[in-house]
Amino acid sequence: MSNIRVRFAPSPTGPLHIGGVRTALYNYLFAKKMGGTFILRIEDTDQGRYVAGAEDYIIDSLKWFGLLPTEGPGIGGEHGPYRQSERKAMYGQYALQLVENGKAYFAFDTPEELDAKRQSEREKGNHNFRYDNVTRNEMKNSLTLSKEEVSRRLENGDAYTIRLNVPKDETVTFTDLVRGEVSFQTNELDDKVLLKADGMPTYHLANIVDDHLMEISHVIRGEEWLPSTAHHILLYQSFGWEDTRPQFAHLPLILKPVGNGKLSKRDGAKFNMPVFPLKWDAEKEEESFLGFREFGFIPAAAINFLAFLGWNPGTEQEIFSLDELCEAFSIENIGKSGARFDYDKAKWFNQQYIQATETKALGKMAMPFIAEKGFGTSEAYIASVCDLMRDRAVLLTDFAETGAYFFEEVQNYDDQNIVKRWDDDTKAAFNKTIDLVANMPEFDADSLESTIKSFIKDNGLKMGKIFPLIRIALAGTMKGPDVFKMIALLGRPGTIGRLRKAVEYFDTV
RNA sequence: GGCCCGUUCGUCUAGGGGUUAGGACGCCGCCCUUUCACGGCGGAAACACGGGUUCAAUUCCCGUACGGGCUACCA
């Protein structure tokens, strides 16, 4: 029985975008489904692109979604360290091993020389120069230089990289779990740099070495890696690790809501929607982002939405808890084509979750947004407001926004609808209603409803004229939940106060 | 440009050689209703195109078009 071990291996180059979260999610789901292990590995081999705080951000994001790894930096595990920068020492040995068995070679060409070469090729009309099994013959490397010259350069401390010695005239074929059989001609492949001049490995080397050492069984990653998978297969062959080579599954990309290309961080501002899990503060305003959390998403809802971007259970069920997702997940049901990011659908999922969340928990979820507005009240009251408003809420921010009147005085009255109804008769009825409410023996929604309704009926008044005015008096707007429930929640003093204040205001409209 | 991957309603997708091509979001209409919602019911809406293979193709094959990705001493 083989052990299922998968990893999520992001680079800490900035805030983790939502596509990365989905990759993490699919890895997590697969691991849980198979009773395997989900590992987090930080691929920080490019010190030039390292961004402080990015690693914490990745972990915080996974934590928020509930996608906790069982092995990783700060978590531990038997295959650590889980940060590639801390594994630096070992990669060079592996690269050297490849040089020794002829699967790789030293290359002394400097970046400047390479640039010059590309430039001169361009001038000759060749727009795609690559360092491959043909062009390497005219470059400076241990395949073209004499043994003595190579030793001399090495001893001299000349800068060098180690490149993969891609064989000629071969076909590399592998079975991708999502796409089926995929093959590449080695003559189309370049001799990828394995070890950089600074001694750090490139993604390709570090990835293969670590996946091997960490006993990864399945590599589930974005489609952008599909073209380089041929190199990775070659690397497994070169190391003699074919028997334990992981299986590959390349995920379709997440595309922009409209237009061409994949979803980018700029789309967040463009479409006023989140493309990151959590907020990210950068020095520059345009580099700072709000996340799904700040937009008012429930993490489980965001997860549910993300899971369905490129995967489906094969049934008509759409609402899945994380546990249900783990149970239902299978790689076979992952789609092949890119999926557009549909923000309306994301909001719909969140709405479904808001409706299904138990009242007390919903109150807790809405709490931060209510506190942010400076509305200080009790947990119980917030929960009651949330329960009353839940049918009208799509995002967690809605409670504090469209339900603001539950926490503060009415800020604006709907004048148009006041004018249509406010006259001497209604004013008289309105005032009598205030007395009625003030003297209610019971103050629950049902008693209020029957008492006020029968009063209106007995006096030959129109409900369509009085109720909207009461509503506006309490909330300022025509929109909102049942008036009697609002009255009950606002309480007697609160209701009477608003009603009295409204009478004064209505006269001025 | 080269290589690789893909293509079912506007969007996410189910399906698969013979189906009224199913669901969801969004949109429209009706119902419920003191408002707005929620909910219920209904509607418009898709197999990119051209060739094969086949009794039969949306489904299989090949092209084309379109879309996407890769093409760094970045991941």
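I count a residue as near the RNA strand if one of its heavy atoms lies within 4 Å of it. I also keep in mind that this is a predicted model.

**Entry 1: around the RNA**

I started with RNA strand B and asked which residues come nearest to it. There are 61 residues around the strand, and Arg179, Glu318, Asp391, Met478 and Asp482 come nearest.

Next I looked at what the protein meets on the RNA side. Of the strand B atoms within 4 Å of the protein, 72% belong to sugar or phosphate, and the rest belong to bases.

Then I sorted the surface near strand B by class. I got 24 charged, 21 nonpolar and 16 polar residues.

Which element gives the largest share of this surface? I found that H12 does, with 5 residues. H12 covers 343-356, and I noted other elements that supply at least two residues each, including helix H4 (111-123), strand E4 (161-164), strand E6 (180-185) and helix H20 (483-508). H19 is also one of the elements supplying at least two.

I pulled out three polar contacts to strand B:

- Glu318 has a polar side-chain atom 2.4 Å from a sugar or linking oxygen of the strand.
- Arg163 puts a polar side-chain atom 3.2 Å from a phosphate oxygen of the strand.
- For Glu43, I read 3.3 Å between a polar side-chain atom and a sugar or linking oxygen of the strand.

Glu318 is also among the five residues that come nearest to strand B.

**Entry 2: the largest pocket**

I moved on to the largest pocket, and its volume came out at about 1300 Å³. Its lining has 47 residues, with Ser11, Thr13, His17, Arg49 and Glu224 nearest the centre.

By class, I have 21 nonpolar, 13 polar and 13 charged residues in that lining. The largest share of the lining comes from H1, with 6 residues. H1 spans 18-34, and strand E1 (5-8), helix H6 (203-213) and strand E8 (218-222) also supply at least two residues each.

**Entry 3: strand E1**

E1 turned up in the pocket lining, and I checked its two faces. Are they covered or open? Both are covered: Arg5 and Arg7 on one side are buried, and so are Val6 and Phe8 on the other. I reminded myself that side chains in a regular strand alternate between the two faces of the sheet.

E1 runs parallel to strand E2 (residues 37-40), and 4 bridges join the two. I traced Phe8 across and found Leu40 as its bridge partner in E2.

**Entry 4: the E5/E6 hairpin**

E6 was on my list for the RNA surface, and I looked up what it pairs with. Strand E5 (residues 171-176) pairs with E6 in the antiparallel sense, over 6 bridges. The two form a hairpin, and I noted 3 residues between them. Opposite Val182 in E6 stands Phe174.

**Entry 5: backbone oddities**

I went looking for unusual backbone angles. Most residues other than glycine have a negative phi, and most peptide bonds are trans. I logged three exceptions.

The peptide bond from Gly80 to Pro81 is cis, and I read its omega as near -5°. I placed Pro81 in the loop between helix H2 (54-65) and helix H3 (88-100).

Asp169 is not a glycine, yet its phi is positive, near 50°. I found Asp169 in the loop between E4 and E5. Is Asp169 buried or exposed? Its relative accessibility is 62%, so I call Asp169 exposed.

Asn272 also has a positive phi, near 50°, without being a glycine. This residue sits in the loop between helix H8 (266-271) and helix H9 (292-295). Asn272 counts as exposed because its relative accessible area is 56%, and the cut-off I use is over 50%.

**Entry 6: two more loop residues**

Thr135 lies in the loop between H4 and helix H5 (147-156). I class Thr135 as buried because its relative accessible area is 14%. A polar atom of the Thr135 side chain lies 2.6 Å from the backbone oxygen of Arg130.

Lys462 lies in the loop between helix H18 (445-458) and helix H19 (463-475). With 63% relative accessibility, I put Lys462 down as exposed. I also checked Lys462 against Thr426: they are 36 residues apart in sequence, and their C-alpha atoms are 9.1 Å apart.

Conventions:
Residues numbered from 1 in each chain as written. Chains lettered and ligands numbered in written order. Predicted model: local features only at pLDDT ≥ 70, side-chain atom pairs only at ≥ 80, totals over all residues. Heavy atoms only, no water. Buried < 20%, exposed > 50% of the residue type's maximum accessible area, 1.4 Å probe, protein only. Polar contact = N/O pair within 3.5 Å; in protein donor to acceptor, adjacent residues only side chain to side chain. Nonpolar A, V, L, I, M, F, W, Y, C, P; charged D, E, K, R; others polar. 1 Å grid on protein atoms, 1.4 Å probe; cavity = no way out; pocket = protein on both sides within 12 Å on 5 of 7 lines; lining within 4 Å. Points joined across faces, edges and corners; volume = space filled by probe spheres on them. Pairing = 2+ DSSP bridges.
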